[in-house]
Each structure stands twice: as structure tokens, then as C-alpha cells.
Amino acid sequence: MGFGELRRKWTEGMALKITGPLLALLAKFFSGASVRWVDCHPDTCQRIYFANHTSHLDALVIWASLPPEVRGLTRPVAAKDYWTAGRIREYLARHVFNAILIDRTEIKVHQSPVDVMIREMGDKYSLIVFPEGGRSPTGEVREFKSGLYYLAKKRPELEAVPVYIDNMNRILPRGEVLPVPLLSRVIFGPPIWLEKGEPKEDFLQRAREAVLRLKEL
Amino acid sequence: MVAGAAAPPGGPFPDKRENSEHPTNPRNGTKTVTDPRTLILVLGVLVVLGIATAVAHLLRRRPETGLNPALLETFWLRIRAWWLLLSIVAATFLIHRVVTIAVFGLISFWALREFITLTPTRPGDHRALFWVFFVATPVQFVLVGLGFDWFTKLATLIWFVTFIPVYAFLLIPVRIALADDPKRFLERTAKIQAGLLICVYCFSYAPALLNLPVEKVSAGAASARERLLFFFVLMVQLSDVLQYAWAQLPWKHVLAPTISPTRTLEGLVGGVLSTSLVGASLCWATPFPFWMAGLMSGVVALMSFAGGITMSAVKRDRGVKDYGTLVEGHGGVLDRIDSLCFAAPVFFHLSYAWLASRPEFQVQISKGFSWLPPYWGM
């Protein structure tokens, strides 16, 4: 075994055993997140978690709210430009959350984000996606982009689990670096599936409403 | 001070080593709970709480008694919260005063989180909030931890008293103004200031009781300071219960029906009087004489009422029942400590003023500040 191999193993082991749980603990403390599962249970089966997006911490907090055995099998889909800026972010994205990084600046025809996601998730991993396509500046849930529909169309058997994250835009608003430790909520709702022949707009509308409904709980 | 009296040895300031052997000297971390008064007080509370738990447990097991199940459930949750509070207070007493202060600091931090979470803020407040959470709050409890023993550390005492009401109070609006967002400026500033003052400043007076040199006037000097803090927390909790119990009387004059339908004039008067009686009967555990212990307990009960009704008003305005609504299954931390926040500064100040009037301290004042009139310390 060469030095490079050893080093890689050590980095992965550290990420799995120490950095990951530590980061999850820190995220839980800073977001003060109370996690609720409504008509849905944590499971290691393949799923697509889709959530509203207001802060850079969203992916981290959803990831940290999952039980450890589910967490290891769940990969957030994140923007490459943000998560590769700086060594710490890159380390976290690649080794700790095992994120699927999407290049937002350069979208190729044969390498569309949905194809990348489908390929990367294989038959093992679940995904965390933010169908709004970016952080909402005001905190309200914007219209969903079509990515979620194409994901569901290609893998119609997967459960799409709506997630609502409350108050995260106040913990780490746009343009801020340091979080303020307010309390937040993460609510997982009942899964939805793409109906046969359901039009794109209807499905996206239904998905958005599924997220919004959790807000009232 | 009598003119012409000899200058005290060691110059105008007293020798700090004077008390270095004392068991409750803040610099001298050893804790002794060997004093029988402390043991009797803690054991007494344990027994009463044990009986209450047993009764509540039995009643919960027998639904046929016809008691209101919702009421019983509230009672049960309260008892659980008291066990938690008691074990925190007792465990920290046994270890070190710094542990007690740190635990109070964490509780305060959590209460502030709950307060600010329920208060609408704008993105422009973010930096100010960061200072409030990560600078103002820790510094306040570090100041408590540094200890201010009467006038030997007057400077620390003044820092403790002025840090939040002067420095933090003035810097919060400045930081928000620098964020260049004038919308509802005064309202946002006032809300953050109120949160900091109530959840951190007022609450920090409870652990600050550990800095009052009550052992010099108490019978049973060992752990006299801890006993005073324990007595205070006990009186606050007791007054909450007694006010609730008195409010169950058939005649009711509800004081503020919109804000709190359960707080009645009968509850207030009965609560204050009965808390005073219990407090007076526990005077052997305090540095105070009989009448003073009763009076202090009465004031604590009055301030507990004030804290409860004020924080209820905030909750009604925000349309929630508990501060803990965000954290399902828990009552909020702030719901548990609202009465403590209001009672602590008043209890601290009155204890301080009373100590200052004791002859034991008159000597010290004249030693330290011979050019000042004797009551300067008040």
C-alpha cells in the first residue's frame, strides 16, 4: 500500500468517524433544530428529499437531522462554485457529506445536472435537492424548477420526501459568514410520487404545496 | 469613621489574603456541604418533591379519581422540570462554583435563543445579534465568575452592573445602524435590548448571589452562599406553585384576562403571603433574621408574578403558548425561568443593601473608604 493510498484511507476514516458526527453535532447545536417526521419514517431506502432553500446551512442541517445510518447513504446536491471555494468547504463537501457537486456555470447538453444526479446516486444513495434552484432571499418558497420532475420521471419508483426548513434564513442569511444560534425546525413530510402521465407543471405545483403544507404543522 | 482613628494595617485597602482560608472564598474552590443547614434544606426539598412525585404518579395511574387530566399532566411536567432544576443546582453545588455559574450561563444563552427566535428581526440585525450571543452573554457570566466580594473587587462589581445596561445597550443600536436598514429601527433595537436585559442581565443576578459574602453574617458559614442561591431558587419556584394553588379558589378576580386567564388577585395575594410565611420559617437557612427572610420571600413572590405576567404578555403578542413551542415536547427554558429573571436582580440588590447595613460590613467600609460616609456602599 503506497503513501497516497494510506493518506486517502486515513482522510476517509477521519471524515466518517470523527468529522462527520462532530459536524452533525455542531450543526444541531447552532441550528437548534427540532426534527419532526410527519407520516414518514427515517429509512435507508433510496429517496429524494426535496426542501425549501434559504441558507447555505440548509443542506448541512437536513443531512445532520437524519439518523447516522441514513446520513451515510444520503448525498446533498450542492453548487460546485460555493462548495469548492476554499479547502475546508471542499473537504467537507467531498469527504464528509459526500456531496454531488453541480456546475451551475457550465451546463452541458449530454452532462445535464439530472443525469449527473441519477448516475451518482446509483442504486444505493438518497439525494437532498433544493428544487428552487437557489436560495430564496425573503424566506418564502419560490416556484420549483423542473429538475425535480425529470428526476422523478427517470426514477419513478423513488419516494420523494418533502422537507420544510423553518427559520434558517435568520440563522445564516445571504451574504453572512457567521451564524447566529437561533432555533429552527426541520419537518419531514409524507412522500409523494410522480403519477403516470402527470404534466410537469402539475407535479411541480403539487411538490411545492407538499413543502408548504408542512409549514403549517 | 471616627476622626483620628488609627489607619488600618496594610493601607486603605484591606488585605486580600484576609479571607484566603475561608471555605467559601471564591478563589478557594473547595466546596463543603457539611453544614447541617444546607443538608437539611436540600434533603427537605428532596423529601417534599419525592412525595409530590409519588402523589402525581398515583393520580396518573388512577383516572377514576375524576381530576382534570390536563391539569394533572401540567403538574407532572412541572415536577419533572423541578427534578431537573434541583439536580442541576445540587450537582453544580457539589463540584465547583464555576460549574454553577457556567450552567446558569448556558440556561441564559438558551433562553435568549428562544426569545430572539420568537422576535421578528431583519437581516440587518444579524451582526448585532452575533455580538449579543457570542460577546455580551459570555462576558456577563465571566464577570460573575471573576467574583466581586463586597468592596475588595468593586471594579468587577461595577463592570458586572454596567456592562450590559451601558455598553451593550448603547452598542446594539450602533451596530444595527451601521447595517444601513432603517425600517422599524427603534422597534428592532428595543426587542434585542429587552431580550438581552431580561434573559442575560437580569438572570445573571441569580448566580451573582454566590459572590455575596453572606458567610460573615450567617450562622453556619460553610456553603452559606450556595444556600442563599438555593433558598432564592426555591422561593421562586414555591411562589409559582402557591400562586397557582391560591388561584384555584372559588372567587376569582382575574387581573389581565387577555394576557393570562389563570392569574388572579387572590392568587397573587395568597401567593405572596404564603411564600412569606414559608420563607420566614426557613430563616435558619438564610443570613436574614425571621422578619427579613419573610419580607424577602414576599418580594420574591411579587417579582415572580411580575415576571410571569410580563413574559406572558410577550407570548400572547407573538401568538404562542410557550416559548418552547418550537421544540416540541419540551416546555421552553424561558417559560421556566421568566419569574427567576425578574426576581433575581431585586433579591440580589436587597440582600446587598441589607448586608451593607450590617455592622460587620460597616467596619470594612470605613476601612476601605475612610473618606466616605458609612452608607456609601448602598
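How many of the residues of strand β6 (residues 159-166) of chain A are buried? The answer is 7 of 8, and the strand is mostly covered. Please keep in mind along the way that this is a predicted model.

Let us begin with the sheet around that strand. Chain A holds an open sheet of 7 strands with mixed pairing, and their order is β1-β7-β6-β2-β5-β3-β4. At its edges lie β1 (34-37) and β4 (100-102) of chain A, each of which pairs on one side only. On average, neighbouring strands of this sheet are turned by 20° against each other, direction ignored. As a reminder, strands of a sheet pair through backbone hydrogen bonds, either parallel or antiparallel.

Both kinds of pairing can be followed from β6(A). Strand β2 (residues 47-51) of chain A runs parallel to β6(A), and 5 bridges join the two. If you would like a landmark in β6(A), look for A:Val163, which stands opposite A:Ala51. With strand β7 (residues 185-188) of chain A, β6(A) forms an antiparallel pair joined by 4 bridges. Here A:Asp166 stands opposite A:Arg185 in β7(A). Moving on from β2(A), you come to strand β5 (residues 126-129) of chain A, which runs parallel to β2(A) and is joined to it by 3 bridges. A:Ile48 stands opposite A:Leu127 of β5(A) in this pairing.

Now for a helix that meets this sheet. α9(A) packs on the sheet, where it touches β2, β6 and β7 of chain A. The direction of α9(A) makes about 45° with that of β6(A).

What is the angle at which helix α7 (residues 147-154) of chain A and helix α9 (residues 200-215) of chain A cross? Their axes come within 9 Å and cross at roughly 105°, so α7(A) and α9(A) are roughly perpendicular to each other. On the α7(A) side the contact is made by A:Leu148, A:Tyr149 and A:Ala152, and on the α9(A) side by A:Lys200, A:Phe203, A:Leu204 and A:Ala207. By class, this contact has 6 nonpolar residues, 1 charged residue and no polar ones.

The surroundings of α7(A) add to this picture. Its buried residues are A:Gly147, A:Leu148, A:Tyr149, A:Leu151 and A:Ala152. The cover over these buried residues includes β2, α6 (113-121), β5, β6 and α9 of chain A.

Elsewhere in chain A, have a look at A:Ile88 in helix α5 (residues 87-96). Is A:Ile88 buried or exposed? This residue counts as exposed, because it has 8 C-beta neighbours inside 10 Å, and the cut-off for exposed is 12 or fewer. The C-alpha atom of A:Ile88 is separated by 17 Å from that of A:Val61, 27 residues apart along the chain.

Let us turn to chain B, which has 11 helices and 2 strands. From the N terminus on, its elements run α-α-α-α-α-α-α-β-β-α-α-α-α. Of its 378 residues, 40% count as buried. Among contacts in chain B between residues at least 6 apart in sequence, 68% join residues at least 24 apart.

Helix α9 (residues 290-318) of chain B makes a good guide here. Its axis and that of helix α10 (residues 333-356) of chain B come within 8 Å and cross at roughly 145°, and the crossing is right-handed. Many residues meet here, including B:Met292, B:Met303 and B:Met311 in α9(B) and B:Phe342, B:Phe347 and B:Trp354 in α10(B). The contact has 15 nonpolar, 5 polar and 1 charged residues by class.

α9(B) also packs with helix α7 (residues 224-246) of chain B, at an angle of about 60° and with the axes 9 Å apart. That angle makes α7(B) oblique to α9(B). This crossing is right-handed. Among the residues that meet are B:Phe232, B:Met235 and B:Asp240 in α7(B) and B:Val300, B:Ser304 and B:Phe305 in α9(B). The class count for this contact is 6 nonpolar, 4 polar and 1 charged.

Finally, where do the two chains touch? 13 residues of chain B are in contact with 13 residues of chain A. On the chain B side, α3 (97-118) and α4 (126-146) each supply at least two residues. That side has 7 nonpolar, 3 polar and 3 charged residues.

Terms used. Residues are numbered from 1 along each chain as its sequence is written. Chains are lettered from A and ligands numbered from 1 in the order in which they are written. This is a predicted model: local features need pLDDT of at least 70, side-chain atom pairs count only at pLDDT 80 or more; totals for chains, interfaces and linings use all residues. Axes are lines fitted to C-alpha atoms, for helices over the stretch in contact, and angles run from 0 to 180 degrees between N-to-C directions. A crossing is left-handed if the near helix is turned anticlockwise from the far one by less than a right angle, and right-handed if clockwise. Two residues are in contact if their C-beta atoms, placed from the backbone, lie within 7 Å. Ala, Val, Leu, Ile, Met, Phe, Trp, Tyr, Cys and Pro count as nonpolar, Asp, Glu, Lys and Arg as charged, and the others, Gly among them, as polar. A residue is buried if 20 or more other C-beta atoms lie within 10 Å of its own, exposed if 12 or fewer, and partly exposed in between; C-beta atoms are placed from the backbone. Angles under 35 degrees count as roughly parallel, over 145 as roughly antiparallel, 65 to 115 as roughly perpendicular and the rest as oblique. Two strands pair if DSSP finds at least two bridges between them.
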